[in-house]
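Here's a quick walk through a two-chain model, with an eye on how the chains meet. Have the viewer open while you read.

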Amino acid sequence: MSPLLIGLYVFALAVFVGFEIITKIPPTLHTPLMSGANAVSGITIVGALFCARTADMTTANILGFLAILFAMINVVGGFMVTDRMLKMFGGKK
Amino acid sequence: MKTAVALMYLVASILFILGLKMLTRVKTARNGNRLSSTAMLLAVVATLLDMGQVDYTFIIAGIVLGSAIGAIMALKVEMTSMPEMVAMFNGFGGGASLLVAGSFLFENVFAGNLAFGGILPMDTTITLFISVLIGSVTLTGSLIAFGKLNGKISGQPILFPGNNILNLLLVVGILGSVVFVVGFNEDPNIAFTVSMTVIGLSCVLGVLLVTPIGGADMPVVISLLNSYSGLAASATGFVLGNNMLIICGALVGASGLILTQIMCKAMNRSLANVLFGGFGQADSGG
């Protein structure tokens, strides 16, 4: 099977997992879930890391550096902001 | 080594699924978020292991600087401004996908002054442009959403006659450019120009998709754009042949779409009504 086909299999199955895990969700968690999922979409960091493998000042590398910067802002900011929101719910454990 | 990295990616994917699932219950939400962030750390470590010995200057600089900026933004933001902060972070995520695609284009095509014909497999080129399109729309759309919530842009729906037709023309223009550059073009200069045109048109599309929507509907829009940024990450996964990226992107894309629908239902409206309604809610912006 070609990598593209395997990718499509993986994609389709993951989409269904994504549909299934969000079922009943209390309205108070709408914004935190949105924020948490947003942080997860910063997974692009994995792609970004590959784009800045050398320290040459080529356009590709500089764009790669910016990609890492943007993705890390998304990831770290996203997770921290989500945690701050959830902390408000009385720190339930 | 490759097997170890692949297994780490698998564990990270599973942790992301569990983390998102836990985010849907009040009791487990906070730990779910922590689980997701652990998964992210694992994914980054696995990727660094996968890359082996490289020059880490840009990587370390990007990680340190980006983490610091993200942390400061997250700590300083007022509790009341959370949705606009999420919009801002989402814009950065979309921007990152666009930049990854751009970097890939420069390294493999433009730097060698090449055209697309025969250089990249066609499926890679197509997924690359999907990544560019969704990444750009997410970037500019999120910035507009941020501006509307922030009050920097009027929360009123800004609608001009033919807005939707113009959007349609933009989509046709983008698709046409991609088909042209993938299928028919052998000239490096045209390949570059058309690629930049696709980025430009996609950015304009992102703006025009969000400006007609009222400020009060922005949370729904942000949720939808968040779903888009997941799909952009997935497209990047196809370009790089990385299954974990595909999985996480698809997860965010799908769960974001469901959440968007739930939020619409809570307002007793359909998604189409929110996106193309262009009326009502005008006075409650911000």
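What follows covers chain B, then the interface, then the salt bridges and a record for chain A.

Keep in mind that this is a predicted model.

Let's start with chain B. It's built from ten helices, with zero strands, so reading from the N terminus you just get α-α-α-α-α-α-α-α-α-α. The radius of gyration of chain B comes out at 20 Å, and the globule rule gives 19 Å for 286 residues, so chain B is as compact as a globular protein of that length. If you need a box for the C-alpha atoms of chain B, roughly 55 × 50 × 30 Å along the principal axes will do.

Now the interface. How many residues of chain B are in contact with chain A? The count is 90 on chain B, and they touch 78 residues of chain A. Together the two chains bury about 7,600 Å², and 80% of that area sits on carbon and sulfur atoms.

On the polar side, 14 residue pairs are in polar contact between chain B and chain A, counting pairs with both residues at pLDDT 80 or more. Which helices of chain B supply at least two residues each to the side that touches chain A? They are H1 (2-22), H2 (29-51), H3 (57-76), H4 (82-108), H8 (218-240) and H9 (243-266). By type, that side of chain B splits into 54 nonpolar residues, 26 polar ones and ten charged ones.

Next, the salt bridges. Searching the whole structure over all chains turns up four, and the count between chain B and chain A is two. Here are the pairs that link the chains:

| Chain A residue | Chain B residue | N to O distance |
|---|---|---|
| A:Asp83 | B:Arg30 | 2.9 Å |
| A:Arg53 | B:Glu107 | 3.3 Å |

Where do the partners in the A:Arg53 pair sit? A:Arg53 lies in the loop between helix H3 (45-50) and helix H4 (59-87) of chain A, while B:Glu107 belongs to helix H4 of chain B. As a reminder, side chains of opposite charge can pair when their charged atoms come close.

Finally, a word on chain A. An unreviewed UniProt entry places the feature "domain: NAD(P) transhydrogenase alpha subunit C-terminal" at residues 8-89 of chain A. Over residues 8-89, chain A is 73% helix and 0% strand, and the C-alpha atoms at the two ends of that stretch are 39 Å apart.

Notes:
Residues are numbered from 1 along each chain as its sequence is written. Chains are lettered from A and ligands numbered from 1 in the order in which they are written. This is a predicted model: local features need pLDDT of at least 70, side-chain atom pairs count only at pLDDT 80 or more; totals for chains, interfaces and linings use all residues. Side-chain values use heavy atoms; hydrogens and water are left out. Contact means heavy atoms within 4.5 Å. Buried area is the accessible area (1.4 Å probe) that two parts lose on being put together, summed over both. A salt bridge is a side-chain nitrogen of Lys or Arg within 4 Å of a carboxyl oxygen of Asp or Glu. A polar contact is a pair of N or O atoms within 3.5 Å; within protein, one must be able to donate a hydrogen and the other to accept it, and residues adjacent in sequence count only if both atoms are side-chain atoms. Helices (H or I, at least four residues) and strands (E, at least two) are DSSP runs, numbered from the N terminus. Ala, Val, Leu, Ile, Met, Phe, Trp, Tyr, Cys and Pro count as nonpolar, Asp, Glu, Lys and Arg as charged, and the others, Gly among them, as polar. UniProt positions are given in the numbering used here, feature names are shortened, and annotations may be inferred rather than shown by experiment. The radius of gyration is taken over C-alpha atoms; the globule rule is 2.2 Å times the number of residues to the power 0.38.
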